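Please look over the following notes with the coordinates open. They are arranged as numbered points.

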Amino acid sequence: MAMKKSNKLPQTAAIKQILKKCSSLGKKSSNGYNSNEEAGLPEDVPRGHFVVYVGENRSRYIVPISWLDHPKFQGLLQRAEDEYGFNHDMGITIPCEEAVFQSLASMIR
């Protein structure tokens, strides 16, 4: 029986990709302007944060990178990777109800 090779990165590698994408957030370019616009990143996302989309309506949330260390958020990331993968530029889509995400967010804060 042949083993199917997965296209998914290990979760730690995926998290590193997220951090790499977020690392330029909020940095100033050499001309003194915010480099987010030049990099195609939204200007409303502060340094040290990233965007997730949650629920059926894909509501947008800006969350701190520190949440990546939280076990419950890591569980959501695993579900997101399983369902959607991490190879897109808009942010991470979290497959859960918005009320569940909001409850989790209030516990993490």
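1. Is Ser59 buried or exposed? In this predicted model, Ser59 has a relative accessible area of 19%. The cut-off for buried is under 20%, so Ser59 counts as buried.

2. Ser59 belongs to strand E2, which covers residues 59–64. Its side chain makes a polar contact with the side chain of Glu98, at 2.9 Å. With neighbours within four places in sequence left aside, Ser59 is in contact with Val52, Tyr53, Val54 and Glu98. Glu98 therefore appears both as the polar partner and in the contact list of Ser59, while Ser59 itself is buried.

3. The structure holds one salt bridge. Arg60 forms a salt bridge with Asp44, and the closest N and O atoms are 2.7 Å apart. Arg60 lies in strand E2, whereas Asp44 lies in the loop between helix H1 (11–22) and strand E1 (49–54), so the pair ties together parts that are 16 residues apart in sequence.

4. How accessible are the two partners, Arg60 and Asp44? Arg60 is partly exposed, at 35% relative accessibility. Asp44 is also partly exposed, with a relative accessible area of 45%.

5. Helix H2 takes in residues 71–83. At 1.5 Å a residue, its 13 residues should span 18 Å, and the end C-alpha atoms are 19 Å apart, which agrees. After H2 comes Gly85, which has a positive phi, near 80°.

6. Which residues of H2 are buried? They are Phe73, Leu76, Leu77, Ala80 and Glu81. Seen down the axis of H2, the buried residues fall within an arc of 140°, so they line one face of the helix. Note that Glu81 is among the buried residues. The face turned away from the buried side of H2 carries the exposed residues Pro71, Lys72 and Glu83.

7. Leu76, in helix H2, can be taken as an example from the buried face. Leu76 has a relative accessible area of 8% and is therefore buried. Not counting residues up to four places away in sequence, Leu76 touches Ile94, Pro95, Cys96, Phe101 and Leu104.

8. How far apart in space are Leu76 and Thr93, C-alpha to C-alpha? The distance is 9.7 Å, for a pair that is 17 residues apart in sequence. Thr93 is not named among the residues that Leu76 touches, but Ile94 is.

Terms used
Residues numbered from 1 in each chain as written. Predicted model: local features only at pLDDT ≥ 70, side-chain atom pairs only at ≥ 80, totals over all residues. Heavy atoms only, no water. Helix = DSSP H or I, 4+ residues; strand = E, 2+ residues; numbered from the N terminus. Buried < 20%, exposed > 50% of the residue type's maximum accessible area, 1.4 Å probe, protein only. Polar contact = N/O pair within 3.5 Å; in protein donor to acceptor, adjacent residues only side chain to side chain. Contact = heavy atoms within 4.5 Å. Salt bridge = Lys/Arg side-chain N within 4 Å of Asp/Glu carboxyl O. Expected span 1.5 Å × (residues − 1). Arc of directions from axis to C-beta.
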